[in-house]
Amino acid sequence: MRNILIVLVCFAAISVSICVYGRTSPQDDSWRQDSTVNVIGWFNKHDTLVYWINESNWQLSPTDTVKTSGVSTKVRLTVVDSTANGYKMDYTFLEFRGDSVGDSGIGNFQNRLVDKLGRRIIGTTINFETDELGAITKFNNLGKIKRQAKSLFKEAMKELMGTPEIAGLKDFGLDLSELVKDVDSDELVDGYLEELKLLFLCHGLTYGIGEFHSHVDANETVYENDTYTTVRFDPSDDTYSITTDVINIIPRDVLKDMVGGIVESMNSDSITQSFRQEFDSQVREEGVYESYFSSDYLAHGWPYRVVKQSTTTIDGRGKSKQTYIYLDYINY
């Protein structure tokens, strides 16, 4: 039952927004002052970059950290057009690789999907535009992407429902086929766009150089949280980095309500009863949800390393999901 609680709490965790700063203009000659860094894209037509995106999931315990699944994606960014008002770009999927993680059932199944569906996605290109600072303003072919995403999702679910692991969930009163009916097509498209948005997440924003900390007490709308921000600039080559770490404290009573709602939705009296009996004895500490983001930039404003990680733990146990993006090739 303890493992079920941890898994459910991870799904119920609430993300925290991290980049809220003022915009600047590239026409300002003092684009980098001594005390601030402005994230601006000084891009040119025909700039071409290739990135590798490594996504992984981890199981955490007080004594060990175990990788449960992973997948790598190779993508290409190309500046199709450059004007005074902004840029037109293409984002193309080039390659997918599954990651062997031993006997992990999740990892093995994910590898099967990557091998089967990845070949259908290779060559898919997303057309988008940014403003003059490099902030994304528009996606031009999401209708086509949405149709492809829905088709692939149906294909993946058909294979997923045929696995013994998913079929066995029905014995616990959980019918995954009913849950996936509520999946919104826009959410599927977000899966295509998530890493692309990470690359341009902070363009057009201004950050103070140095280390900063802020604390917010819990109230009606937010959990108690601490935010740690570090911004560094290297004058030798004009590269810079931005790191933000947000740590939220989730009270036990909130955890119980959140997880309890999910357990009750399973329509299983035995699971609900077991949850009510065991939660108070098993979960004795508050939950911690940590959202980490870091990005390193070249002088031209192209990111060459991006890390996003979200971790949910209770009593030292939980799960972590990481996206690590690094620049493999650049031509400008």
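## A tour from Ser56 outward

Begin by selecting Ser56, which is buried in this predicted model, with a relative accessible area of 7%; the cut-off for calling a residue buried is under 20%. If you colour the chain by secondary structure, you will find Ser56 in strand β2, the stretch that covers residues 48–60.

Show side chains next, and add Trp58 to the selection: the side chain of Ser56 makes a polar contact with the side chain of Trp58, at 2.9 Å. Then widen the view to the residues that lie further off in sequence. With neighbours within four places set aside, Ser56 is in contact with Lys67, Ser69 and Gly70, and also with Ser320, Lys321 and Gln322.

Now hide the side chains and select the strands of the sheet to which β2 belongs. There are 11 strands in this open sheet, and, read across, their order is β6-β5-β4-β3-β2-β13-β12-β11-β10-β9-β8, with antiparallel pairing. At the edges stand β6 (136–139) and β8 (210–216), each of which has a single partner strand, so that one side of each is left without a neighbour in the sheet. As you follow the strands across, the twist from one strand to the next averages 15°.

Within that sheet, select strand β3, residues 65–83, together with strand β4, residues 86–98, which pair in the antiparallel sense over 12 bridges. A useful place to stop along this pair is Thr73, which stands opposite Phe96 in β4.

From the sheet, turn to a helix. Which helix holds Glu159? Select residues 142–161 and you have helix α3, in which Glu159 lies. Is Glu159 buried or partly exposed? Its relative accessible area is 22%, and Glu159 therefore counts as partly exposed, given that the partly exposed class lies between the limits of 20% and 50%. Keep Glu159 selected and add Arg112, which is 47 residues away along the chain; a distance drawn between the C-alpha atoms of Glu159 and Arg112 should read 9.5 Å.

Finally, zoom out to the whole protein chain, whose secondary structure comes to 8 helices and 13 strands. The chain has 332 residues, of which 44% count as buried. Among contacts with a separation of 6 or more, 67% are between residues 24 or more positions apart. If you switch on the surface, the area that the protein chain exposes is about 17300 Å², and carbon and sulfur atoms supply 49% of that area.

Notes:
Residues numbered from 1 in each chain as written. Predicted model: local features only at pLDDT ≥ 70, side-chain atom pairs only at ≥ 80, totals over all residues. Heavy atoms only, no water. Helix = DSSP H or I, 4+ residues; strand = E, 2+ residues; numbered from the N terminus. Buried < 20%, exposed > 50% of the residue type's maximum accessible area, 1.4 Å probe, protein only. Polar contact = N/O pair within 3.5 Å; in protein donor to acceptor, adjacent residues only side chain to side chain. Contact = heavy atoms within 4.5 Å. Pairing = 2+ DSSP bridges. Axes fitted to C-alpha atoms, helices over the stretch in contact; angles between N-to-C directions. Areas by Shrake-Rupley, 256 points an atom, 1.4 Å probe, with all protein chains shown as cover.
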